[in-house]
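Please walk me through this structure. I would like to know how far the model can be trusted, and then what spaces it holds.

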Amino acid sequence: MTDSEMPPVFGIARRERIMDQLRTAGAVRVADLAREFGVSELTIRRDIGELADRGLVTRVHGGATLRSRLDTTVAPRASAGGPRYRVGMVVPSLSYYWPQVVIGARAAATELGVQLVLRGASYEPEDQRRQISSLVESGGFHGLIVAPENQGPDGHALLSWLEQLPVPVVLVERRAPASLALTRLEWVTTDHVFGGHLAASHLASLGHRRVGILTSAQSPTSWQLRRGWAQAVEELGLQETIDLNASLDYMEGPERAVFVEALLDRVRETGTSAMLIHSDPQALLVQQNALDRGWELPDDLSIIAYDDEVAESGAPPITALRPPKQHVGRRAVEVMLARLTEGSARPVERVQVVPTLYARESTVAV
């Protein structure tokens, strides 16, 4: 029997399977469980709600983590003689992208006996510094896992300040530019440059030759994604017909509508057959406007999104590159624990992990 022929898992058996996965991985995603069990995401959310009411799991955005005693004390492993470390984690958002990173970090912390204290900030450097300072000044923290602004004078100043803190710091989905010559900061990040390569290579494999890219101007991911894309476009002999780095999230509704209409006009004028769009909401916006125009998708335009948070909700579902967000969070905790355990003699570690391409119906051969 193939996976597609597997019958749905029901009731108690389904919840037992969820707990088995949580014991193994420490965290689960609603969307993944719904696909695996052949039920709706609403059903999985109800299952998780029931398990949470019984005190077995902790609900997080998009999924759940195995409930531990970290909410009130140190994890069980620590009480058995393992390390007793308290680590602060500051991320710029608790609603998009970052919940999955947090899920991975919490799962690793549970397993490794690390007490993880989470704070949500914003994308403003001043707010990030204020949140981090509050943790440091409160005392009792052995290290920090943070996702700070890392671009421009304010970002560079923030990175230099983090380098000088009295506790070790691991950046998550951020890195410091080599020009700052910082030698203490460690980090774990997705190889977004390779992600750009992977997107262009996928389109080329489908026969696309006239391609475009639209990225989010405020995102620290964009410059890396664009670098890999540009390299691959040149190496593969593709023709880049559209190259836009815009602030759609900061545009008012009418301004955004005008921008997308102009973009679609440009697609028609240049004969562009495929685009990479970062991030998912922007990709969905372009897709919906194209459908409203009466375009046949993906025949009139193939689309790849980057992030894979909501890309699968497109019509058709959008091919997407998914950074391994949970793994990034997990590795950040592991790198921090290694630093705290081994001390300054341990070489500084800077980790990159590779995104995965999920091919769906929004890309088609030409």
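For which residues does the pLDDT stay under 50, with 28 contacts beyond four places in sequence in the model? The stretch is residues 68–83. This is a predicted model, so confidence comes first, because where pLDDT is low, the predicted coordinates should not be read in detail.

The chain as a whole averages a pLDDT of 90. Of the residues, 92% score at least 70. Residues 1–7 fall below 50. That stretch has two contacts in the model beyond near neighbours in sequence. For residues 68–83 the model has 28 contacts beyond four places in sequence, yet the pLDDT there stays under 50.

Now turn to the open spaces. The largest pocket has a volume of about 730 Å³. Its lining is made of 30 residues. Nearest the centre of this pocket lie Tyr 123, Gln 218, Ser 219, Pro 220 and Asp 249. The lining is mixed in class: 13 residues are polar, eleven are nonpolar and six are charged.

The second largest pocket comes next, with a volume of about 400 Å³. It is lined by 20 residues. Closest to its centre are Arg 29, Ala 31, Glu 41, Glu 309 and Val 310. Three helices each give two or more residues to this lining: α2 (30–37), α3 (41–53) and α5 (98–112). The largest share comes from α2, with three residues. By class, the lining of the second largest pocket divides into nine charged, seven nonpolar and four polar residues.

Last, look for enclosed space. How many cavities of 30 Å³ or more does a search of the whole structure find? The search finds one. About 30 Å³ of space lies in this cavity. Its lining consists of Tyr 85, Val 87, Val 114, Ile 145, Val 333, Met 336, Leu 337 and Leu 340. Two elements, β4 (85–91) and α12 (325–342), each supply at least two of these residues. The most come from α12, which gives four.

What classes of residue make up the cavity lining? Eight residues are nonpolar, and none is polar or charged. Set that beside the pockets. The lining of the largest pocket includes 13 polar and six charged residues, and that of the second largest pocket includes nine charged and four polar residues.

Key. Residues numbered from 1 in each chain as written. Predicted model: local features only at pLDDT ≥ 70, side-chain atom pairs only at ≥ 80, totals over all residues. Heavy atoms only, no water. 1 Å grid on protein atoms, 1.4 Å probe; cavity = no way out; pocket = protein on both sides within 12 Å on 5 of 7 lines; lining within 4 Å. Points joined across faces, edges and corners; volume = space filled by probe spheres on them. Nonpolar A, V, L, I, M, F, W, Y, C, P; charged D, E, K, R; others polar. pLDDT = per-residue confidence, 0-100. Contact = heavy atoms within 4.5 Å.
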